[in-house]
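Hello, and thanks for sharing this one. Here are my notes, set out as numbered points so you can go through them alongside the viewer.

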Amino acid sequence: MFHLTVTKNYQDLSNQTAQYLADYVENNPKAVLCCSTGGTPTGMYEELAKIVETKHINCSEVTVIKFDEWVGLDATNPSTCEYYLQKYVIQPLKIPVKHYIHFDNSTTDPEKECERINLLLQDIIIDIFVLGLGTNGHLGFNEPGSDPRLHAHIVQLTEDTLSHPMLSGNTKPVTKGMTLGIQDILDAKTALLLVNGAHKQKQFARLMTKEISSDFPASYLWQHPQVECFVDRVATE
Ligand code: GLP
């Protein structure tokens, strides 16, 4: 099932998706969430933190999984997914360290790090997999051409991904990423896809053709049993 909600604007998208997550966590205190980073979900995480605080929702049993990470950047680097998740999710929701599963930024062996994550995730079912849509159709760092059967793995990043605004202030060389795979997304109970802005119109239109192609990784979502897609109106124009 692919359930589509078109929102008035980005703020409305952020409010509705935050409410969706808050309701889920309130009813499922042991929820397992896999969280993407990037510009798209920031508003949602900010609103979620507000709801959690006002309604006193206890997140101490919630598990958070980091979807992806650049290889070679320290956790203190503001360009990292780690920095982002600490700021917008882990700290505001007070997720205990033992319930945070994440690619370690300080790894010297990313291959082994992916194996470690795969072992940890073997017996875990992700309830909600939060996704943004890359400008080249990527999900996390699953770039065009990715094998959809992969779990956590290393990726040689495309120019398009390396020009993501997250890296704009970074001076260290980055060429690779670690990411959970398309298979992990397909195995999650629900994929929560957020799309916003005029710069995502082409990508959203391509997704909505329903044509599944490895050139456009987000199209694998059409194989997912439960997708909740929230898009703001401008991205649908
Ligand atoms: C980056 C992140 C992804 C994110 C995507 C879209 O590559 N690693 O997890 O979903 O870009 O980013 P944005 O939401 O900024 O468009």
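Which residues are around the ligand?

1. Please keep in mind that this is a predicted model. In it, the residues around the ligand are Ser-36, Thr-37, Gly-38, Gly-39, Thr-40, Asp-68, Gly-132, His-138, Gly-140, Phe-141, His-164 and Lys-200.

2. The make-up of that shell may interest you: nine of its residues are polar, two are charged and one is nonpolar. Glycine counts among the polar residues in this scheme, which is worth remembering when you look at Gly-38, Gly-39, Gly-132 and Gly-140 around the ligand.

3. Now to the polar contacts. A polar backbone atom of Gly-39 is 2.7 Å from an oxygen atom of the ligand. For Asp-68, the partner is a nitrogen atom of the ligand, 2.8 Å from an N or O atom in the side chain. His-138 also takes part through its side chain, with a polar atom 3.1 Å from a ligand oxygen.

4. How much of the ligand does the protein bury? On its own the ligand exposes 390 Å², and the protein buries 94% of that. The space that the ligand takes up is the largest pocket.

5. Finally, the chain as a whole. Its secondary structure comprises eight helices and 10 strands. The C-alpha trace spans about 45 × 40 × 35 Å along its principal axes. The radius of gyration is 16 Å, which agrees with the value near 18 Å for a compact globule of 237 residues.

Conventions:
Residues are numbered from 1 along each chain as its sequence is written. This is a predicted model: local features need pLDDT of at least 70, side-chain atom pairs count only at pLDDT 80 or more; totals for chains, interfaces and linings use all residues. Side-chain values use heavy atoms; hydrogens and water are left out. A residue is near a molecule or strand if one of its heavy atoms lies within 4 Å of it. A polar contact is a pair of N or O atoms within 3.5 Å; within protein, one must be able to donate a hydrogen and the other to accept it, and residues adjacent in sequence count only if both atoms are side-chain atoms. Accessible areas come from the Shrake-Rupley method with a 1.4 Å probe; for residues, only the protein chains shown count as cover. On a 1 Å grid over the protein atoms alone, a cavity is a set of points where a 1.4 Å probe fits but cannot get out, and a pocket is an open set with protein on both sides within 12 Å along at least five of seven lines; lining residues have an atom within 4 Å of a point. A molecule sits in a cavity or pocket if more than half of its atoms lie within 2 Å of its grid points. Helices (H or I, at least four residues) and strands (E, at least two) are DSSP runs, numbered from the N terminus. The radius of gyration is taken over C-alpha atoms; the globule rule is 2.2 Å times the number of residues to the power 0.38.
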